[in-house]
Every structure is written in C-alpha cells, then in structure tokens.
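The following exercises introduce a single structure through short tasks. Each task is followed by a solution that proceeds step by step.

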Amino acid sequence: MPGRPVAAEPGSAMQCLYQTSDRTVAQLLRGHLEALGIGVFVQGEHLFALQGQIPVGAAFELRVCVVDDEQLPQATRLTRNWLERRASPQDAPPWVCRGCGERHEPQFAACWRCGADADAA
Ligand SMILES: [Zn+2]
C-alpha cells in the first residue's frame with residue numbers, strides 16, 4: 001500500500017499516520033480527523049505528563065494513530081491534505097467542490113453550498 005507516511009509493522013494493532021514532537025500539531029490533527037469521523041488517538045501523549053523529569057534534549061515523539069484499520073487509507077489521505085494545507089495556507093489554490101462544482105478559497109474546510117468536505121475534493 002503506497003503513500004503511508006509512517007511505516008507500521010504488518011499485523012500491528014494500530015496504524016500510525018503521523019509522527020511529531022509537537023503536541024499542538026498532534027492534537028490539531030487528532031481533532032481534525034475526529035471531526036471527519038476517523039477514530040484516532042495520540043500515542044505517547046502521557047509522556048508529556050512526565051516532561052519535567054525527562055532530561056533536556058531527550059527525544060520523544062507523539063504518534064497519531066488510527067484506531068480502525070479500515071479507515072487507514074482515508075485517514076492517510078486526510079492527514080496528507082491537512083498537512084499540505086497547514087504548510088501553506090496562503091499559497092494553497094482554491095478548491096472546487098466535487099459535489100456541486102462550487103469554487104472555494106483554501107481556508108474553507110467544507111463547501112458552503114452542499115456541505116461536502118474539502119478533503120473529498
Ligand atoms: Zn458543494
């Protein structure tokens with residue numbers, strides 16, 4: 001299966017979509033995916049509770065993982081789209097709704113006319 005940002009061992013119980021040491025990014029991505037009906041959780045988040053005890057410079061990372069393997073392809077695509085929009089919100093091109101053909105500025109996440117999500121475009 002191509003296009004998987006984070007490799008997961010075959011048969012593993014969870015599929016990780018994105019890896020970061022930035023807690024804010026991890027939580028934003030989780031919120032975005034959950035709002036779109038993707039069940040996700042952030043692996044490693046509990047380590048932040050111990051942050052004061054972790055030596056400065058210690059590398060620890062958060063992984064945003066999808067709960068249901070069935071949703072992995074969709075979640076992977078949504079994650080990629082989200083990261084691209086996040087990377088260049090001003091430079092992103094307008095998008096055209098696949099549902100009704102309405103044209104939208106990139107900052108709009110969903111079609112105002114028919115409600116289709118931008119990630120479906
Ligand atoms: Zn539409």
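**Exercise 1: The end of a helix**

Just after H1, Gly37 adopts a positive phi of about 90 degrees. The model examined here is a predicted one.

Task: Determine how many residues helix H1 has and what distance it reaches from its first C-alpha to its last.

Solution. Step one: H1 comprises residues 23-35, which gives 13 residues. Step two: from first C-alpha to last, H1 reaches 18 Å. Step three: this is close to the 18 Å expected at 1.5 Å a residue.

**Exercise 2: The two sides of H1**

Task: State which residues of H1 are buried, and explain why they lie on the same side of H1.

Solution. Step one: the buried residues in H1 are Ala26, Leu29, Arg30, His32 and Leu33. Step two: these residues lie on the same side of H1 because they cover an arc of only 165 degrees around the axis. Step three: an α-helix has 3.6 residues a turn, so residues three or four places apart point the same way. Step four: Thr24, Gly31, Glu34 and Ala35 are exposed, on the face of H1 turned away from its buried side. Step five: the cover over the buried residues of H1 includes the strands E1 (15-20), E2 (40-43) and E3 (62-66), together with helix H2 (72-87).

**Exercise 3: Strand E3 and its partners**

Task: Identify in which sense E1 and E3 pair, and in which sense E2 and E3 pair.

Solution. Step one: E1 and E3 pair in the antiparallel sense, over 5 bridges. Within this arrangement, Cys16 has Cys65 of E3 as its bridge partner. Step two: E2 and E3 also pair in the antiparallel sense, over 4 bridges. Here Val40 has Val66 of E3 as its bridge partner. Step three: E3 is mostly covered, with 4 of its 5 residues buried.

**Exercise 4: The nonpolar core**

Task: Name the residues that touch the most other members of the largest nonpolar core.

Solution. Step one: this core has 15 residues, of which Val40, Val64, Val66 and Ala75 touch the most other members. Step two: at least two residues of this core come from each of E1, H1, E3 and H2. Step three: beyond four places in sequence, the contacts of Val66 include Leu17, Ile38, Val40, Leu72 and Ala75.

**Exercise 5: Confidence**

Task: Find where pLDDT stays under 50.

Solution. Step one: the protein chain has a mean pLDDT of 80, and 71% of its residues reach 70 or more. Step two: pLDDT stays under 50 over residues 7-12. Step three: where pLDDT is low, the predicted coordinates should not be read in detail.

Definitions and conventions:
Residues are numbered from 1 along each chain as its sequence is written. This is a predicted model: local features need pLDDT of at least 70, side-chain atom pairs count only at pLDDT 80 or more; totals for chains, interfaces and linings use all residues. The expected span of a helix is 1.5 Å times one less than its number of residues. A residue is buried if 20 or more other C-beta atoms lie within 10 Å of its own, exposed if 12 or fewer, and partly exposed in between; C-beta atoms are placed from the backbone. The arc is that of the directions from the helix axis to the C-beta atoms. Two residues are in contact if their C-beta atoms, placed from the backbone, lie within 7 Å. A nonpolar core is a set of buried Ala, Val, Leu, Ile, Met, Phe, Trp, Tyr and Cys residues joined through C-beta atoms within 7 Å. pLDDT is the predictor's confidence in each residue, from 0 to 100. Two strands pair if DSSP finds at least two bridges between them.
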